[in-house]
Amino acid sequence: MIFNVGSRRSGTFWLQRIVTAHPEVSAVGSETHLFSHGIAPLAERFHHAALRSGQVGSTFIERDALLDALRDFCDAVFAPMIEPGKTRLAERTPLHSLHTDLIGDVYPDGRIVHIIRDGRDVVRSLLAQQWGPQNVADGAREWRAAIETARAGAHIDRYLELRYEDLHAEPALRISGLYHWLGLPVDDAILERALAEARVERNLDPRGTPAGSGKWRTLFTPEDLAAFEEVAGDLLYELGYERAEALGLRPRAGLRARFRRGGSDGLIADDGLAPIAVAGEHAGEEVEAQRHIDALLDAFHTAPERAGELLGDGATVRVVDGGRERAAGGERARVLLVEALREDVAMRGRQLRGDVHPEPPLFTVMLRYDTPDGGADRVLVARLDGDRVQELALYRS
């Protein structure tokens, strides 16, 4: 296992793409929050003091037994995600920087890669997010906590820090070193593949600013700098980042004021200009759409009748089996879908592959199952209208 961690907006997604560009590394599809929201709260329900302790809200278990059980559970989650022929699996959840100690205990044979970015750039980006902190000081506290907690909990021989800025400045050198530290072979073809992935920008910043470092210089005011430095300046300079006393910024409204919410129009500049074009402006809607598709697929595997209920009024369903095709609309579409799922042995098999290609409102899902006959492929194409599926095509081979 490879766990890629870091403060939010530090480049963890970029790091994940670079790590999984290696041909021996599979990728977990999204942030799991498995340790932050699952394993850590679960582990807190146990103590290791006395077998008959009367402690309320906690029960006794030997520490090693707990770790063995947690490892078995996590392996059951992660193992199916490793693609055939690959030897590693990389997971990326920024909040896992707060749980490197627990991750290291459960996966002492795993590796943790911690990407660190200039905290001022991190806070600038955090404040541009709808879900971000309310002010510079809160953002600085979050950045500081992520770094200090990750460092304090890490098993040092399985922990590597990588600077965002160094990765930008010297990608070939840093990626080669990263792969070597992970125990992965590196040759020219592998390195070029990783460099090609590193050059692709997939920026989630609503202001649409290009990837890179030092963007805080054009947005931070002296007041913003003072607020950041009061909370985290000592750590920032301990990490070797440049001091800002001589930048000569003229006073302006603070970051949060200039990122103020503009209702349904998104982020609006305080200078009276038109609404800022927001890259990924509807990210929340896309996440919600993904949840609806996941609910549909869950029903495919566990409750065909519920899958039928997720179809909208007037929805159409098409089921294609080789040269045979069945199609229906309205109520008959629900009957067709439920029948197709009930008769499909593959849907009751173990899923070997499940790739989702989202272009909301359209989703294409590539599925492969382990069956008594050796394997079966399924392709689902669905068009959403709100929380209901209006068009669905299921291809079976």
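**Exercise 1. A side chain and a backbone oxygen**

How far does the backbone oxygen of V231 lie from a polar atom of the side chain of R144?

*Solution.* The model you are looking at is predicted. Start by finding R144, which is part of helix α6, residues 136-153. Next, look from its side chain towards V231: a polar atom of the R144 side chain and the backbone oxygen of V231 are 2.8 Å apart. Now widen the view. Leaving aside neighbours within four places in sequence, R144 is in contact with V231, A232, D234 and L235.

**Exercise 2. A salt bridge inside one helix**

Find the salt bridge between R144 and E148, and work out how the two residues are placed in helix α6.

*Solution.* First, a general idea: side chains of opposite charge can pair when their charged atoms come close. In this pair, the closest N and O atoms of E148 and R144 are 2.9 Å apart. Then count along the helix: the two residues are 4 places apart in α6, about one turn. Finally, check the surroundings of E148. Its relative accessibility is 36%, so E148 counts as partly exposed. The structure as a whole holds 36 salt bridges.

**Exercise 3. Two salt bridges that start from β8**

Locate the partners of D313 and D321 in strand β8, and say which of the four residues are buried.

*Solution.* Take D313 first.

- The side chain of D313 meets that of R334 in a salt bridge, 3.7 Å from N to O.
- This pair links distant parts of the chain, with D313 in β8 (residues 311-321) and R334 in helix α14 (residues 331-343), 21 residues apart.
- R334 has a relative accessible area of 18%, under the 20% limit, so R334 is buried.
- D313 reaches 71%, over the 50% limit, and is therefore exposed.

Now turn to D321.

- D321 and R396 meet through their side chains in a salt bridge of 2.6 Å, N to O.
- Because D321 belongs to β8 and R396 to strand β13 (residues 388-396), the pair ties together parts 75 residues apart in sequence.
- R396, at 10% relative accessibility, counts as buried, while D321, at 22%, counts as partly exposed.
- Salt bridges with shared partners join D321, R326, E343, D344, R378 and R396 into one network.

So the buried residues here are R334 and R396.

**Exercise 4. Reading the open sheet**

In what order do the 5 strands of the open sheet stand, and how are they paired?

*Solution.* Walking across the sheet, you meet β2, β5, β1, β6 and β7, with parallel pairing. At the edges are β2 (25-27) and β7 (159-163); each has a single partner strand, so one side of each is left without a neighbour in the sheet. From one strand to the next, the twist averages 25 degrees.

Now zoom in on one edge. Strand β6 (residues 111-116) runs parallel to β7, and 5 bridges join them. One position to look for is I116, whose bridge partner in β7 is R163. Helix α1 (residues 12-19) packs on the sheet, where it touches β1, β2, β5, β6 and β7, and its direction makes about 170 degrees with that of β5.

**Exercise 5. An antiparallel pair**

How many bridges join strand β10 to β11?

*Solution.* There are 9 bridges between β10 (residues 350-359) and β11, and the two strands run antiparallel. Follow the chain from β10 to β11 and you pass through a hairpin of 2 residues. Within the pair, D355 stands opposite M366 of β11.

**Exercise 6. The nonpolar cores**

Which residues of the largest nonpolar core touch the most other members?

*Solution.* This core has 31 residues, and those with the most contacts to other members are L296, F300, L311, V317, L337 and L392. Next, ask where the core comes from: α12 (283-302), β8, α14, β11, β12 and β13 each supply at least two residues. The largest share, 6 residues, comes from α12.

Take V317 as an example. Not counting residues up to four places away in sequence, V317 touches L311, R326, A327, A328, A333, L336, L337 and L392. Another core, of 23 residues, lies apart from the largest one, and its members include W14, I18, I115 and L178.

Methods: Residues are numbered from 1 along each chain as its sequence is written. This is a predicted model: local features need pLDDT of at least 70, side-chain atom pairs count only at pLDDT 80 or more; totals for chains, interfaces and linings use all residues. Side-chain values use heavy atoms; hydrogens and water are left out. Two strands pair if DSSP finds at least two bridges between them. Axes are lines fitted to C-alpha atoms, for helices over the stretch in contact, and angles run from 0 to 180 degrees between N-to-C directions. Contact means heavy atoms within 4.5 Å. A polar contact is a pair of N or O atoms within 3.5 Å; within protein, one must be able to donate a hydrogen and the other to accept it, and residues adjacent in sequence count only if both atoms are side-chain atoms. Buried means under 20% relative accessible area, exposed over 50%, partly exposed in between (1.4 Å probe, protein chains only). A nonpolar core is a set of buried Ala, Val, Leu, Ile, Met, Phe, Trp, Tyr and Cys residues joined through side-chain atoms within 4.5 Å.
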